[in-house]
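Hi,

Here is the structure I said I would pass on. Have a look at it first, and then read my notes underneath.

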Amino acid sequence: MVLQPAMVEAAVAAGVKHWYASEWNSDIAQREIQGMRYFRDKQAVRAHLRAKAAETPGFQYTLMVTGIFTEWALDEFYGFDHKAHTARLYGQPGRRVGVTSIPDISKYTIDSLKIKFEGPGRTLRVQGWTGKIEALSGELEKARGVKYEITWVDVAEAKEKEEQARVKGEDWPEMMYSIQILLASGYGVADGAGELDNGLFDFVPETPKSTFERVFK
């Protein structure tokens, strides 16, 4: 991620007219998560693209905002144990989350190339499924035919681990601890700072149950 500004410079020098930033996640324009350490380099890329487009006539960029990858949303990384059928999640129940499967993200991205736009940059927000985190976990239970026991953990624990990593200069652990609170935060969505653009596309996205059946087959 940190190398993207240099990549943009090289691309523009070579005559590239349209750049897709490495987004494909929750909308980091949301005030509540815009300063999250995991997204810091993405924010720097957004700023660089705005500046580059302002000084380079004809150069355009796209920010594809998709919510969390369905395949990764209930991963061990976020606290799920698929052998013990438990989950230890940072946050509170009842929070909203948005997910999109990786194959659908590819479809949205490829199809977006056909959608012309005016001006230097655009943000396209798409989401395959939206609901409460418990409902998403319920889709996993349906797909696997098992019940998961969820334990809710205070986000202060993750924030403390993030700070400890920062003090030690451990960049990757700092980034990872920062984003572990995203899943049950209510801000792991594509439409937190603007309406969805699903209507611009003509296919039906995969359901979480279908995705989990594919992942856990």
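To start with one residue: does R46 count as buried or exposed? R46 counts as buried, at 8% relative accessibility. Keep in mind that this is a predicted model.

R46 is a good way into the salt bridges. Its side chain meets that of E23, with 2.8 Å from N to O. E23 sits in the loop between β1 (18-20) and α2, while R46 belongs to helix α2, so the two lie 23 residues apart and the pair links distant parts of the chain. E23 has a relative accessible area of 5%, so this residue is buried as well.

Another bridge runs between R37 and E174, whose closest N and O atoms are 3.7 Å apart. R37 lies in the loop between β1 and α2 and E174 in helix α7, so this pair ties together parts that are 137 residues apart in sequence. Both ends are buried: R37 has 8% relative accessibility, and E174 has a relative accessible area of 8%. There is also a network, in which salt bridges with shared partners join E23, D27, R46 and R125.

The count of salt bridges comes to 18. One of them pairs E9 with K52, the closest N and O atoms being 2.9 Å apart. E9 is in helix α1 (residues 4-13) and K52 in helix α2 (residues 40-55), 43 residues apart. Here E9 is partly exposed at 32%, whereas K52 is buried at 10%.

Now the pockets. The largest has a volume of about 300 Å³. It is lined by 14 residues, and N25, Y38, W72, Y78 and I179 are the closest to its centre. Two elements, β3 (68-69) and α7 (171-179), each give two or more residues to that lining. By class, the lining has 10 nonpolar, two polar and two charged residues.

The second largest pocket holds about 200 Å³ of space. Its lining also numbers 14 residues, with V155, K159, I181, S185 and Y187 nearest the centre. Seven of the lining residues are nonpolar, three polar and four charged.

Last, the rings. There are seven aromatic pairs. Among them is F69 with W72, a tilted pair with 4.9 Å centre to centre and 40 degrees between the planes. F69 is buried at 17%, but W72 is exposed at 53%. Y108, F201 and F203 make up one aromatic cluster, and the charged end of K107 sits over the F203 ring, 5.4 Å from its centre.

Cheers

Terms used. Residues numbered from 1 in each chain as written. Predicted model: local features only at pLDDT ≥ 70, side-chain atom pairs only at ≥ 80, totals over all residues. Heavy atoms only, no water. 1 Å grid on protein atoms, 1.4 Å probe; cavity = no way out; pocket = protein on both sides within 12 Å on 5 of 7 lines; lining within 4 Å. Points joined across faces, edges and corners; volume = space filled by probe spheres on them. Helix = DSSP H or I, 4+ residues; strand = E, 2+ residues; numbered from the N terminus. Nonpolar A, V, L, I, M, F, W, Y, C, P; charged D, E, K, R; others polar. Phe/Tyr/Trp six-rings, centres within 6.5 Å; stacked < 30°, edge-to-face > 60°. Buried < 20%, exposed > 50% of the residue type's maximum accessible area, 1.4 Å probe, protein only. Lys NZ or Arg CZ within 6 Å of the ring centre and 35° of its normal. Salt bridge = Lys/Arg side-chain N within 4 Å of Asp/Glu carboxyl O.
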